[in-house]
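Me: I'm new to this one. Could you walk me through how some of its helices pack, and what the words for that packing rest on?

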Amino acid sequence: MEEALLTVLGYQEQPREQAPEHDEPAESEDKIENQVKTESQFDSKVEHGIEVGLAARGECEVTHEGRHEGLRDAARNQGLRGGRLREVRNEGLGEARHEARHEAVREIDRARHDLFKTLTDDRDASEMSLSELAEAAGWPLPLAVRAIVPATPGETQQLAAVLDHCLVGMFAGRPCLLVASPEPDNRAPLEHLLRGRFAAVGHAVPLRDTASSLRWALRLAALTPARPGVETRPVFVDDHLSTLLLLQDEPLAHALAARWLRPLADLTPRQSERLEVTLLAWLEGGGAPEAAKALSVHPQTVRYRMRQLEKLFGTGLRDPRTRFELEMALRSRRLMAQVRRQHSRVGRRAARVIQADFTPVVVGRMARVNGL
């Protein structure tokens with residue numbers, strides 16, 4: 001019955017016996033008659049099966065016209081079901097492709113995260129493991145990299161979009177970025193991309209020293225906070241190497257200054273500051289005229305102050321090692337003072353903004369009452 005239905009609906013061709021060859025003998029009349037009866041019985045069974053099936057489904061009456069109408073309805077319903085099946089299949093394929101794309105993106109993100117973690121680990125990684133991770137991450141290994149520390153964690157994704165091809169990860173509890181540095185001496189392209197944004201950029205290092213670039217970029221970001229009202233631009237470790245070297249350990253820098261500048265401890269703050277400035281200018285310039293030019297004072301003023309310093313430090317000012325230690329102590333003390341001033345200015349600006357925005361009304365009334 002199934003084959004008959006498929007044949008009537010046009011989904012399967014009815015098997016036909018091959019016509020006899022002209023040279024074969026004609027079949028006997030009995031055989032032909034039996035064949036006609038068999039075909040008639042087969043047609044009757046097919047029609048009966050179709051009628052019974054359609055009548056059971058309530059789709060038509062068991063009549064000649066109803067039978068044809070039911071067949072047409074069945075064919076139409078079969079076509080609609082086939083179209084719906086194709087739609088469902090296409091939707092399933094679309095979802096599968098979408099899920100496959102998302103899974104591929106997740107795999108790349110995981111590979112990039114693993115590559116960042118491996119590069120920033122102090123333990124040496126094998127060239128083979130790095131190559132495999134780089135291939136999975138779609139990030140060709142460069143000869144040198146630079147670390148970038150954004151001003152705030154929220155700017156990490158913005159910088160990643162600007163830099164386009166970089167690695168993003170966490171280092172020392174802070175989100176950071178790694179960019180390739182094919183030409184360590186040429187940082188103009190990076191400056192152009194970071195224009196108008198505050199970020200600390202590490203020095204260019206080989207892959208095995210990636211953690212070093214990140215550490216010094218983080219240290220520079222801590223020493224130079226973003227200042228409102230100042231032209232926003234990135235700061236580079238390359239421009240502050242001596243500062244970072246002197247201030248890499250502030251307690252040690254304090255100990256150095258206390259050790260070599262002890263003769264100035266008994267002076268007043270004003271006298272101590274004047275002599276420190278003069279001594280540093282003299283050490284940097286190499287003589288009284290150069291120091292006077294740097295300080296915008298008369299050379300005779302510098303010579304007078306240097307006589308005071310010679311009484312305090314004695315013959316040590318003629319010793320190269322003592323002069324070197326004194327210059328480091330004076331520079332580190334000056335740098336620490338600059339950092340303190342920068343942080344205090346940023347704090348005062350923030351406090352002024354808060355006070356301007358949230359000044360209580362009661363404070364204003366009290367000031368007017370007290371005549372302030």
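Reply: Sure, let's begin with one pair: α10 and α11 are oblique to each other. This is a predicted model, where local features need pLDDT of at least 70, side-chain atom pairs count only at pLDDT 80 or more, and totals for chains, interfaces and linings use all residues. Residues are numbered from 1 along each chain as its sequence is written, and side-chain values use heavy atoms, with hydrogens and water left out.

Me: Why are α10 and α11 called oblique to each other?

Reply: Helix α10 (residues 269-285) packs against α11 at about 125°, the axes being 8 Å apart. Angles under 35 degrees count as roughly parallel, over 145 as roughly antiparallel, 65 to 115 as roughly perpendicular and the rest as oblique. The pair is therefore oblique.

Me: Which residues of α10 and α11 meet?

Reply: With contact meaning heavy atoms within 4.5 Å, V277, T278, A281, W282 and G285 in α10 meet A288, E290, A291 and L295 in α11. By class, that's six nonpolar, two polar and one charged.

Me: What makes α11 and α12 roughly perpendicular?

Reply: The axes of α11 (residues 288-295) and α12 (residues 299-313) come within 8 Å and cross at roughly 110°. Those two helices are therefore roughly perpendicular to each other.

Me: Where do α11 and α12 touch?

Reply: On the α11 side you'll find A288, P289, A291, A292 and L295, and they meet P299, V302, R303 and R305 in α12. This contact divides into seven nonpolar, no polar and two charged residues.

Technical notes: Axes are lines fitted to C-alpha atoms, for helices over the stretch in contact, and angles run from 0 to 180 degrees between N-to-C directions. Helices (H or I, at least four residues) and strands (E, at least two) are DSSP runs, numbered from the N terminus. Ala, Val, Leu, Ile, Met, Phe, Trp, Tyr, Cys and Pro count as nonpolar, Asp, Glu, Lys and Arg as charged, and the others, Gly among them, as polar.
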